[in-house]
Structures are given as C-alpha cells and as structure tokens.
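Got the viewer open? Switch to cartoon view, keep the selection box handy, and let's walk through it.

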Amino acid sequence: MVLMAFGCASCSSGSDNAQLINIIGSHGGGEGQFKYVEDFAFDYNGHVLVTDALNSNVQVFKLDGRYVTAFGGKGQSDENLKKPEGIAIDSDGNIHVADYLSGYIKKYSSQYQHLLTYSGYGPEKGHTLETEFMTFHPNGLLYVPEAGNDRISVFNMQGEFKFSFSKTGSGPGELIRPEAAKHNSKGQLVVADLGNHRIQLFDEKGNFLKTWGKEGSAPGEFKKPTGIAIDKDDNIFVADIGNSRIQKFNAQGEFQYMFGSAGRKAGEFGNLHGIAIGPTGKLYVADTANHRVQVFSVK
C-alpha cells in the first residue's frame, strides 16, 4: 500500500481539488493484484469490492487497501465467473455481479457464497449483452447498462426481469454502448453514453430528462465516458477514458473541475473504467491499464 499526496496541476479550479491518498494493487494474479480492474461496490461490512475482468474474480479490501479475500474465480461451477465487470449490492447486503462474457448476473451472500444465477446472454428481454457498471436503486430494482444491446435492463432483487429502456441511436434518450448507470438522491439515473460521448439523465421508469457533453477535450466534453460516481450532494464524477481524466459536474450537469492525465505515475491514468464514492467520501478509481486502484480525497 502506497500513501501520498497528489497536487492536481491540471485542475481548472486550483491544485487542491483532488489529493491522491492511496494506491491499491499491482500487476499480477495473486492476492491484492490485478490484471484488469473494472468497478467497485461497498458492502455492509466496511469493505470495498473490486471486480477484475481478467483474473475473473471479485477482490475484497478494507477501505484503507488491506486485502481481505476474493471470490468468483475461473471455473465451471455456479460460483465461478468469466469476465466480471458490473457489481452492486442490494438492500439485504447480497452482492450481484454482472458477467460480461456469459450474460449471467450472479448473486452472492454478504459472506460471498453463491446464491443465484439469473439473466443470460443475448438480445431477448431478460437477457443481457456486454453488461457494464450497474446500480441498485432505492426502489429495490437493479439497473444494468448493456453495451452490446444499447439499452438499460432492469431486474428485481430476486433476479426477475422487469423492463428495459432506450435503443440504439444518437437522439435524446438513445444510447450507443452505455457504460455506467448510477442513481442520484432523487432516484434519477445518470448514464455514461460512451459511444455518443455524453451523459444522459433518465427517471427511474426510463423516461429521458436531459443530456450534456459532446466529443472533445475541452472542459465538459468527453472522449468515451466510462465510470460514474455520485456524491452525497449529487455532484457527478465522470471517468473520461479517451482524455485520461476525471471531470466533476454539479447536480445540474454544470462543469466544476477536472484532474488527471495519461501516464503511469501516481495520479496519472491509463484506460480508466469504473469509479465510486466510498462511505467516507473518497473517490475510488479503476486505473485499469496500470493494474491498480487509486483513491482520492476530492472536493
């Protein structure tokens, strides 16, 4: 575990908007090592859960980065995974993991024991194709972005399909390879519309509300937005994979500041994926190409 402060020279509002406070992991297949970090969830035991697509597992850490255990892993049994990406925790503390290659969503107990496998691979209703970073809504439903089907599919906690929304396109409410869906305190869904280089906002029924952003490198523009994190004040952080940076917006979608650049040094990024706000307000970042998680204190 590495602890250090990070002065954010690229932040538009000064150098104190983001401080790097921890780096978790290194390249490999051992305990606490990563091959392809994807996304995060925070369980009721005070742990951060990290999906690793190429190690085919979910690793569990203390919030300070100390390794605890792992589950999933390669194999043919019900508890095994092929390419886990999205992860979310329901109101009972059960863990749902979306497998990008199989289309299955696997449900585990809070003690990491397999309970249920649901969904499947394909374009039909109730199946998923290339699942990404999902969220459990306060209404008890799981919202699953499908990059392969250009839609959001919705399931209940028992794995029963309820409905889906959106379709392929670039018009309002349409999607191309949605990467993340996260909810704010109003229950609205904030979606990273990767292929359209923008963020879209929907209500919990899937009705389009608004959009912002376009392709580019200026503040408020994107090149393939991926992960989304929303803080207690509904500020929205977006991982911008093509620009190797993270941008912050207020609840109305107005640009606040950005930080990060391409590279391998502390505070730099490569192939950004999921991001998440932890229970203490820290921002966890999947720095995928660098095989690590970077943790920031953000304003």
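Here come two sheets and a nonpolar core.

This is a predicted model: local features need pLDDT of at least 70, side-chain atom pairs count only at pLDDT 80 or more, and totals for chains, interfaces and linings use all residues. Residues are numbered from 1 along each chain as its sequence is written, and side-chain values use heavy atoms, leaving out hydrogens and water.

**Stop one.** Select 84-89 and 114-119: these are β6 and β9, the edges of a sheet, each with a single partner strand, so one side of each has no neighbour there. The open sheet's order is β6-β7-β8-β9, with antiparallel pairing. (Strands are DSSP runs of E, at least two residues, numbered from the N terminus; two strands pair if DSSP finds at least two bridges between them.) Now add 95-99, which is β7, joined to β6 by four bridges. Zoom in on Ile-87 and you'll find its bridge partner, Val-97, in β7.

**Stop two.** Next, pick 18-24, 292-298, 283-287 and 272-277. In the order β1-β24-β23-β22, they make an open sheet of four strands, again antiparallel. Here β1 and β22 are the edge strands. Four bridges link β22 and β23; one to click on is Ile-275 with Val-285.

**Stop three.** Show side chains for Phe-237, Ile-246, Phe-259, Leu-283 and Phe-296, which touch the most other members of the largest nonpolar core, 17 residues in total. (Such a core is a set of buried Ala, Val, Leu, Ile, Met, Phe, Trp, Tyr and Cys residues joined through side-chain atoms within 4.5 Å; buried means under 20% relative accessible area, with a 1.4 Å probe and protein chains only.) Strands supplying at least two core residues each include β19 (236-240) and β21 (255-259).

Notes: Buried < 20%, exposed > 50% of the residue type's maximum accessible area, 1.4 Å probe, protein only.
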